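Colleague: I've got the model open next to the sequence. Can we go through it together?

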Amino acid sequence: IAKKRSDYQQPDFLISHVDMVFHLDIQKTRVITTCQFSRNGEHNRPLVLDGESITLIKVVLNDNLISDYDVNSEQLTIPTTEDEFTLCVETVINPEANKTLEGLYFSAGAYCTQCEAEGFRKITYFLDRPDVLAKYDVTIYADKARYPHLLSNGNQIDKGQLDDGRHWVKWQDPFNKPSYLFALVAGDFDLLTDNFMTQSGRNVALELYVDKGALDKGHHAIASLKKAMAWDEQVFGLEYDLDIYMVVAVDFFNMGAMENKGLNVFNSKFVLADAESATDDDFFNIEAVIGHEYFHNWTGNRVTCRDWFQLSLKEGLTVFRDQQFSADMSSPVFNRIKNVQIIREHQFAEDASAMAHPIRPEEVIEMNNFYTVTVYDKGAEVIRMMHTLLGADGFRKGMDLYFARFDGQAVTCDDFVQAMQDATGIDLSQFRLWYSQSGTPKVTVSDEFDLSTGRYTLTFGQMTPPTADQKTKQALHIPFRFELLDEQGVAISDDSVPELKAKMIELTQDVHSVSVSGLNAKPTPSLLHNFSAPVKVDYAYTHQQLSSIILYSGDEFARWDASQSLYSRCIHNLATAPDSPDNALFDSMLDSIGGVFALADTNPALAAAMLSIPSFETLSQQVDEIQVEALYHAQRSVRHLIATALSDKWLTLYNNQVVGAYQYKADDVDKRRLRNLSLSYLVQGDATQASELLHAQFSQADNMTDSLGALKAAQYGKLEQFDQLMVQFEERWRHDPLVLDKWFALHANMERSDILARLPLLLSHEKFSLDNPNRVRSVLGSFAFYNVLGFHAIDGSGYKFLADYLLKLNSVNPQVAARVITPLTQWQKFDPKRQELMRYQLARIADCKELSKDLIEKVSKSLNYT
Ligand code: ARG
Ligand code: ZN
């Protein structure tokens with residue numbers, strides 16, 4: 001059942017035009033699809049169309065009703081002989097019964113579609129593959145009172161009324177597109193409108209459709225959209241190409257959002273926000289996701305993927321673009337840190353698991369399983385490395401050439417790299433290995449200083465350990481940024497050493513070295529500036545060297561990174577030798593961190609990041625075997641130490657962050673972040689003293705960032721206070737689904753001994769529903785990904801809880817089930833006892849009779865891993 005990248009074949013037929021008519025009905029929607037086909041190349045193979053979970057009513061070939069076709073649960077085969085023909089297929093589907101939220105579904109009173117990757121085949125029989133591009137006309141019929149808005153891609157070209165209360169609207173999309181970009185929405189919404197004038201003078205109508213009553217929560221999304229449109233013009237010279245851009249927010253959605261041509265569909269979580277109900281992070285994410293989907297209009301829609309193995313062509317590139325956009329809208333270093341945390345916490349974990357794959361996978365059973373942190377986020381890192389190697393101007397030239405060559409086509413990752421290479425003359429042949437080789441490369445750095453000659457040599461070795469999918473690895477082309485600091489913390493410059501001049505060495509072989517002469521002391525190498533490659537670095541820093549990077553490095557990212565290394569050392573030291581901690585190490589950590597408080601005024605975003613210790617997930621990727629309790633408690637002790645040893649500083653820092661009425665703007669966001677960080681340390685230091693501060697903040701806050709900040713800090717204090725505040729919070733917010741998700745999540749990842757007894761209560765909460773992916777993620781996802789002690793309980797109850805639930809979710813929404821199972825598939829790094837318990841639950845799931853393809857792929861891979 002697995003498909004291989006190497007098996008790619010051109011489509012046997014092409015489609016130039018699609019005409020679709022929808023008669024919407026909750027249980028019996030009729031779909032009439034008429035396509036113009038032409039044979040592609042010389043062959044006499046039959047026409048094989050994809051189709052799933054749909055009922056075939058009739059097939060009309062060139063105006064003749066036919067019956068000599070074959071239909072099974074996945075395909076409709078027509079033994080045609082002509083080279084050009086018109087085929088009309090009528091199908092019936094049941095949107096209400098569709099809980100997979102793929103294809104056409106009905107939820108919360110509205111119809112909505114999700115077709116990427118292979119959902120269009122649940123709507124009609126079709127050549128459902130991204131290299132079949134066609135123009136679409138779509139006519140939608142539905143009851144006018146209940147569904148006043150009938151939307152599809154492109155421009156509205158006609159509409160009318162029927163006598164029976166129904167109305168219809170006809171849409172036409174002038175651009176060729178693959179079926180995965182098709183969308184249809186029908187419902188009763190509130191509509192927020194605005195407009196944007198492109199640089200060449202096209203006036204674009206912007207329309208945001210939200211739930212009735214939620215209009216006030218749409219302003220930030222619209223403002224973000226306008227920023228994204230302006231940014232893409234400025235940075236890439238890319239303009240929007242239709243007269244209308246629609247965004248619809250829905251509550252039931254499997255992922256973040258979808259870039260359907262001219263009609264984006266969004267998880268309401270990435271659209272709706274106001275001060276009271278959304279945090280600064282929500283505001284940030286909305287801007288990022290709105291940007292991401294908008295940027296897809298060029299990187300994804302105008303130029304799309306030839307086949308799904310090329311997914312990173314559009315996703316890696318578009319994530320890179322949204323990261324650059326976010327960085328330009330706020331603090332570049334803070335953004336970079338966020339990107340890197342995703343790589344270190346989740347992508348490195350994926351590499352270490354049975355699901356390891358290159359950013360361009362070789363083999364796929366269920367495509368939905370490959371919308372991964374590897375394809376997306378490591379994919380973005382690979383694009384970023386090209387940006388680094390080519391420079392911003394070279395990269396822009398490459399992008400221009402890419403669009404000049406491929407606009408309107410479905411292409412490959414190789415085509416992209418070739419455009420980058422041809423536009424700049426820079427040789428990217430070895431660089432392409434990043435697309436085919438999986439795993440996390442390790443760069444080992446060592447150095448040598450000869451006092452008598454003043455010669456310093458820095459040696460870089462690269463090695464990628466084998467992964468589940470690939471045993472042997474080759475040397476990669478790695479742009480590695482670094483600098484050398486002298487004893488005063490000043491960067492050493494020596495123009496005769498090209499790598500120093502460029503502040504970068506390009507590693508292409510197993511070992512490289514760089515030498516500098518004329519030094520009178522051994523310098524400190526400050527390594528992997530701005531995380532110039534998605535690798536792990538190993539260099540035996542002294543504590544003093546880390547401190548000096550924290551204070552002096554010219555690269556803000558490197559300063560943060562050094563702070564994290566110092567914390568990590570302390571935590572690992574305590575985890576492995578709890579009774580004999582390395583006092584000198586702890587002193588030097590407290591000393592350096594004490595110094596960071598001074599940054600709070602000048603660079604608050606960096607200060608906040610440097611004052612935060614590494615997550616359990618990050619720490620986990622630094623060891624070969626995770627000792628759950630030891631590591632967890634060590635992390636907590638270090639947090640406690642920082643809280644108590646620096647308690648005066650935390651209090652001052654807390655009190656210094658004075659912010660007026662809520663606004664989402666950089667200065668205020670930084671202040672709130674520092675304030676909430678301080679509060680959580682204060683609670684961990686002296687909970688009694690802090691509980692008043694906490695209470696005051698919770699009750700007086702005019703915004704969600706501060707009230708949720710207080711609530712989260714309360715987790716570290718007295719349980720009764722936390723429970724009380726949670727009750728108040730629930731009462732206040734029970735009617736706001738997005739806020740209630742936060743409440744569910746907080747419950748699910750709360751560290752408490754009775755967590756496993758409480759989870760079933762959460763699942764039987766009247767507001768919990770298995771059909772709602774946001775809810776499932778906030779309970780199950782939070783628990784499995786982040787409740788370290790609960791999920792990894794040594795009696796196996798956490799694993800069993802997840803598995804029980806996944807067995808139910810399997811038949812409802814396999815896509816979401818396959819996401820939430822991830823932590824269970826990452827058993828490889830745990831102790832033998834836990835490995836066994838985790839594998840036992842995986843085996844239970846594998847035994848399920850009607851397991852979805854989504855889960856089969858993940859479960860079987862992780863059980864077969866050796
Ligand atoms: N293309 C969408 C985006 O990145 C995500 C689609 C995810 N699809 C899926 N089947 N998981 O914005
Ligand atoms: Zn995307």
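Colleague: Is the crossing of helix 1 and helix 2 left-handed or right-handed?

Modeller: Keep in mind that this is a predicted model. The axes of helix 1 (residues 219-236) and helix 2 come within 9 Å and cross at roughly 50°, so the two helices are oblique to each other. As for the hand, helix 1 passes helix 2 in a crossing that is right-handed.

Colleague: How many nonpolar, polar and charged residues are in the contact of helix 1 with helix 2?

Modeller: Helix 1 brings His220, Ala221, Ser224, Leu225, Ala228, Met229 and Asp232. Facing them from helix 2 are Phe283, Ile286, Glu287, Ile290, Gly291, Tyr294 and Phe295. Sorted by class, that contact has 9 nonpolar, 3 polar and 2 charged.

Colleague: Which elements give two or more residues to the shell around ligand 1?

Modeller: The shell is made up of Glu116, Ala117, Met255, Gly256, Ala257, Met258, Glu259, His292, Glu293, Glu315, Asn368 and Tyr371. Ala257 and Met258 are in that list, and strand 20 covers 257-258. His292 and Glu293 are there too, within the 280-295 stretch of helix 2. The elements you want are strand 20 and helix 2.

Colleague: And by class, how many charged residues does the shell around ligand 1 have?

Modeller: Nonpolar residues number 5 and polar ones 3 in this shell. Among the acidic side chains listed around the ligand are Glu116, Glu259, Glu293 and Glu315. The charged count is 4.

Colleague: Are helix 4 and helix 5 parallel or oblique to each other?

Modeller: Helix 4 spans residues 332-351 and helix 5 spans residues 373-406, with axes that come within 10 Å. They cross at roughly 125°, and the crossing is left-handed. With that angle, the pair is therefore oblique.

Colleague: Which residues of helix 5 does helix 4 meet?

Modeller: From helix 4, the contact uses Ile342, Ile343, His346, Gln347 and Glu350. The contact residues divide into 3 nonpolar, 3 polar and 4 charged. On the helix 5 side they are Val373, Thr374, Asp377, Lys378 and Glu381.

Colleague: What is the helix content of residues 42-181?

Modeller: UniProt, in an unreviewed entry, lists that span as "domain: Aminopeptidase N-like N-terminal". Its end C-alpha atoms lie 29 Å apart and it is 52% strand. The helix content comes out at 0%.

Colleague: What about residues 223-431, how much of the chain is helix there?

Modeller: The unreviewed UniProt entry places "domain: Peptidase M1 membrane alanine aminopeptidase" at those residues. The end C-alpha atoms are 38 Å apart, and strand makes up 10%. Helix accounts for 55%.

Definitions and conventions. Residues numbered from 1 in each chain as written. Chains lettered and ligands numbered in written order. Predicted model: local features only at pLDDT ≥ 70, side-chain atom pairs only at ≥ 80, totals over all residues. UniProt positions renumbered as here; feature names shortened; annotations may be inferred. Helix = DSSP H or I, 4+ residues; strand = E, 2+ residues; numbered from the N terminus. Axes fitted to C-alpha atoms, helices over the stretch in contact; angles between N-to-C directions. Parallel < 35°, antiparallel > 145°, perpendicular 65-115°, else oblique. Left-handed = near helix turned anticlockwise from the far one by under 90°. Contact = placed C-beta atoms within 7 Å. Nonpolar A, V, L, I, M, F, W, Y, C, P; charged D, E, K, R; others polar. Near = placed C-beta within 6 Å.
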